[in-house]
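Here is a short report on a single chain. It begins with one residue and then turns to the overall fold.

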Amino acid sequence: MAGIPRIKVNHYSTFYYQYEFSLLDALEAQEIPAPYNCRGGYCGCCRVRLIDGEVEEVQDALYDTVGDEILTCCTKPVTHVEIEIPED
Ligand code: FES
């Protein structure tokens with residue numbers, strides 16, 4: 001995909017990826033209250049639903065995601081993406 005990936009976060013905002021290390025870092029740069037704990041792919045706290053688009057891994061994840069979940073600390077967007085942060 002040409003151009004800068006756009007990140008849409010349901011119930012929050014839409015912004016352009018600034019090439020932070022991970023999606024988690026990008027969310028934090030926008031002051032979006034994204035959950036996290038280990039930042040290393042172990043705990044699963046940072047998982048969100050990937051509704052649209054594609055991400056790639058920036059570090060190995062040891063936590064097994066299910067379905068459309070991704071770990072924001074372990075991925076970065078490679079296309080425009082739409083994600084949803086779980087409410088709990
Ligand atoms: S913050 Fe622990 S897996 Fe991402």
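## One residue and its chain

Leu23 lies in helix H1, which covers residues 23-29. The model is a predicted one.

Is Leu23 buried or exposed? Leu23 has 28 C-beta neighbours inside 10 Å, so it counts as buried. The cut-off for that label is 20 or more other C-beta atoms within 10 Å.

Which residues does Leu23 touch, leaving aside those up to four places away in sequence? They are Val55, Thr72, Thr75, Lys76 and Pro77. Arg39 gives a distance for reference: 16 residues separate Leu23 and Arg39 along the chain, and their C-alpha atoms are 11 Å apart.

Now the whole chain. Helix H1 belongs to a chain with one helix and seven strands. In sequence order the pattern reads β-β-α-β-β-β-β-β. The radius of gyration is 12 Å, close to the 12 Å from the globule rule for 88 residues, so the chain is as compact as a globular protein of that length.

The chain-level values are listed here.

| Property of the chain | Value |
|---|---|
| Span of the C-alpha trace along its principal axes | about 30 × 25 × 25 Å |
| Residues that count as buried, of 88 residues | 27% |
| Contacts joining residues at least 24 apart, among contacts between residues at least 6 apart in sequence | 49% |
| Radius of gyration | 12 Å |

Back to the starting point: Leu23 of helix H1 is a buried residue, and its contacts include Val55 and Pro77.

Conventions:
Residues are numbered from 1 along each chain as its sequence is written. This is a predicted model: local features need pLDDT of at least 70, side-chain atom pairs count only at pLDDT 80 or more; totals for chains, interfaces and linings use all residues. Helices (H or I, at least four residues) and strands (E, at least two) are DSSP runs, numbered from the N terminus. The radius of gyration is taken over C-alpha atoms; the globule rule is 2.2 Å times the number of residues to the power 0.38. A residue is buried if 20 or more other C-beta atoms lie within 10 Å of its own, exposed if 12 or fewer, and partly exposed in between; C-beta atoms are placed from the backbone. Two residues are in contact if their C-beta atoms, placed from the backbone, lie within 7 Å.
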